[in-house]
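The exercises below ask you to read a structure piece by piece, and each is followed by a solution that goes step by step. Try each task on the display before reading on.

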Amino acid sequence: MSYNQNSGYGQALINAVHAAVPTFGRIFVVLDPDDTDEENYQKMQEVFAPKEGIVRFYTSLSDAYDATESNNNDVIVLDGNSTHTLTAELNVAKSRVHFVGLDYLMGVHRKQGQSSKINIGVTTDTGDVSAILNTGVRNSFRGLKISSTNTTLAQALYAFADGGEYTYMEDCEVVFLGKLTTTTVADFACNADTGMYVNCAFGSTAQEITANGTRPNVLVSGAAVAAGKKLRDCRFVDCDFLYKCGDTDNRLVYGANATDVERMLTFENCKFFNNPLSAQKPGVAVDFGAGQTEGAVLLDAACSIVDITVMGATGEGVYTLAPSSPTYATSGLSVNS
């Protein structure tokens with residue numbers, strides 16, 4: 001049976017991808033080179049054969065990214081079997097490029113455990129600060145687990161660093177696996193301009209952080225990603241911030257300076273969860289080294305904390321709308337009118 005792009009199967013598959021990720025741009029497919037024995041590998045190689053001189057099937061994420069054209073709304077679809085391993089930081093400087101995992105294509109909206117995994121292992125290049133560095137405009141990331149296990153390189157600090165404009169991230173897990181004693185490490189560094197992060201998970205409840213300091217899930221300090229970059233008008237919606245605390249100075253969201261937030265940073269229906277099996281509990285979920293002078297932070301009424309002392313520190317420009325905790329076993333009881 002033929003699985004080329006002109007066969008019934010090939011056309012159905014291409015149309016299904018286009019339906020899940022509507023785009024005017026091109027679609028590139030990435031499968032792991034270790035999966036050559038899989039039937040799926042062979043089918044995709046045939047269906048996404050070169051067309052008009054353009055290679056559309058790749059075994060390297062970085063090669064697929066190199067093939068994209070900035071501002072063309074090209075889409076990279078990642079298979080959900082083996083991990084897509086990066087040998088160097090993926091520097092996403094182009095604009096309007098979209099990265100999509102298999103779960104998202106199948107309509108599976110996970111916060112953790114996505115089948116399409118991107119990881120950077122141990123490297124020696126001092127420029128490999130993160131697995132992915134995004135500085136482009138309107139790039140998007142959907143249905144992916146993005147991690148770093150770059151544990152011996154001193155300069156490796158983040159799994160994902162966002163210094164882009166209008167970034168959109170949905171159904172993604174972002175975690176730095178290791179460096180549990182290093183205060184300056186964070187799962188996610190955010191210096192984005194008008195970034196939006198929906199239904200994502202940052203961090204882990206499994207690995208206990210023993211750093212004597214902040215080591216946050218999300219670091220929002222200005223210039224964390226690059227000189228001159230800072231957070232402006234960013235939203236975290238339906239997101240989980242996950243921790244296993246070993247020191248009360250640990251934080252889930254942290255910025256070191258008075259000007260880290262410009263205009264607005266909001267958390268909508270977000271959970272800040274510290275594993276109760278932790279040795280300690282974080283003193284604050286969202287904290288800064290100084291009161292904000294150029295913007296403010298809002299945590300809406302649907303935000304909640306677990307095994308953390310307080311949601312936000314006072315005097316720092318952090319506003320909370322969370323109601324007082326109800327008496328146990330009386331919350332939600334119907335009242336006779």
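**A residue between two strands**

Locate Asp-238 relative to the strands around it, and decide whether this residue is buried, partly exposed or exposed.

Solution. Asp-238 sits in the loop that leads from strand 18 (231–237) to strand 19 (240–243), in a model that is predicted. Next, look at the backbone: phi of Asp-238 is near 55°, which is a positive value in a residue other than glycine. Finally, turn to the accessible area, which for Asp-238 is 27% in relative terms, so that this residue counts as partly exposed, a class that lies between the cut-offs of 20% and 50%.

**A second positive phi**

Find the loop that holds Tyr-166, and state the value that its phi is near.

Solution. Begin with the chain: Tyr-166 belongs to the loop between strand 11 (160–162) and strand 12 (168–170). The phi of Tyr-166 is near 60°, again positive in a residue that is not glycine. As for its surroundings, Tyr-166 is partly exposed, with 34% relative accessible area.

**The whole protein**

How many helices and strands does the protein have, and what share of its residues is buried?

Solution. The secondary structure amounts to 4 helices and 27 strands. Of the 337 residues, 52% count as buried. The exposed surface comes to about 14,200 Å², and carbon and sulfur atoms supply 50% of that area. A last step concerns contacts: among those between residues at least 6 apart in sequence, 82% join residues that are at least 24 apart.

**Order and edges of a sheet**

In what order do the 11 strands of the open sheet follow one another, and which strands stand at its edges?

Solution. Following the sheet across, the order is 2-1-3-6-9-12-15-18-21-24-27, with parallel pairing. Strand 2 (57–58) and strand 27 (318–320) each have a single partner strand, and therefore one side of each is left without a neighbour in the sheet. In general, strands of a sheet pair through backbone hydrogen bonds, in either a parallel or an antiparallel way.

For one pair within this order, take strand 1 (residues 27–30) and strand 3 (residues 74–78), which are parallel and share 4 bridges; here Val-29 is placed opposite Val-77 of strand 3. For another part of the order, take strand 18, which is joined in parallel to strand 15 (residues 196–198) by 3 bridges and to strand 21 (residues 261–268) by 6 bridges. Val-237 of strand 18 is the bridge partner of Val-198, and Val-237 also stands opposite Glu-268 in strand 21.

**Two strands and their faces**

Which residues of strand 13 lie on each of its faces, and which residues of strand 22 form its covered face?

Solution. In strand 13 (residues 173–176), Glu-173 and Val-175 point to one side while Val-174 and Phe-176 point to the other, and all are buried, which leaves both faces covered. The partners of strand 13 come next: strand 10 (residues 145–148) pairs with it in the parallel sense over 4 bridges, and strand 16 (residues 201–203) runs parallel to it with 2 bridges. Val-174 is the bridge partner of Ile-146, and in strand 16 the partner of Val-174 is Phe-202.

In strand 22 (residues 271–274), the covered face has Phe-272 and Asn-274, whereas Lys-271 and Phe-273 are on the uncovered face. Strand 22 pairs in parallel with strand 19 over 4 bridges, where Tyr-243 has Asn-274 as its bridge partner. Strand 22 is also joined in parallel to strand 25 (residues 304–306) by 3 bridges, and there Phe-272 is matched with Ile-305.

**A cavity and its lining**

How much space lies in the largest cavity, and which classes of residue line it?

Solution. The structure holds 1 cavity of 30 Å³ or more, and the space in the largest cavity is about 30 Å³. Its lining includes Asp-187, Arg-215, Leu-242 and Tyr-243. By class, the lining has 3 nonpolar, 4 polar and 2 charged residues.

Conventions
Residues are numbered from 1 along each chain as its sequence is written. This is a predicted model: local features need pLDDT of at least 70, side-chain atom pairs count only at pLDDT 80 or more; totals for chains, interfaces and linings use all residues. Side-chain values use heavy atoms; hydrogens and water are left out. Two strands pair if DSSP finds at least two bridges between them. Buried means under 20% relative accessible area, exposed over 50%, partly exposed in between (1.4 Å probe, protein chains only). On a 1 Å grid over the protein atoms alone, a cavity is a set of points where a 1.4 Å probe fits but cannot get out, and a pocket is an open set with protein on both sides within 12 Å along at least five of seven lines; lining residues have an atom within 4 Å of a point. Grid points are joined across faces, edges and corners, and a volume is the space filled by probe spheres set on the points. Ala, Val, Leu, Ile, Met, Phe, Trp, Tyr, Cys and Pro count as nonpolar, Asp, Glu, Lys and Arg as charged, and the others, Gly among them, as polar. Contact means heavy atoms within 4.5 Å. Accessible areas come from the Shrake-Rupley method with a 1.4 Å probe; for residues, only the protein chains shown count as cover.
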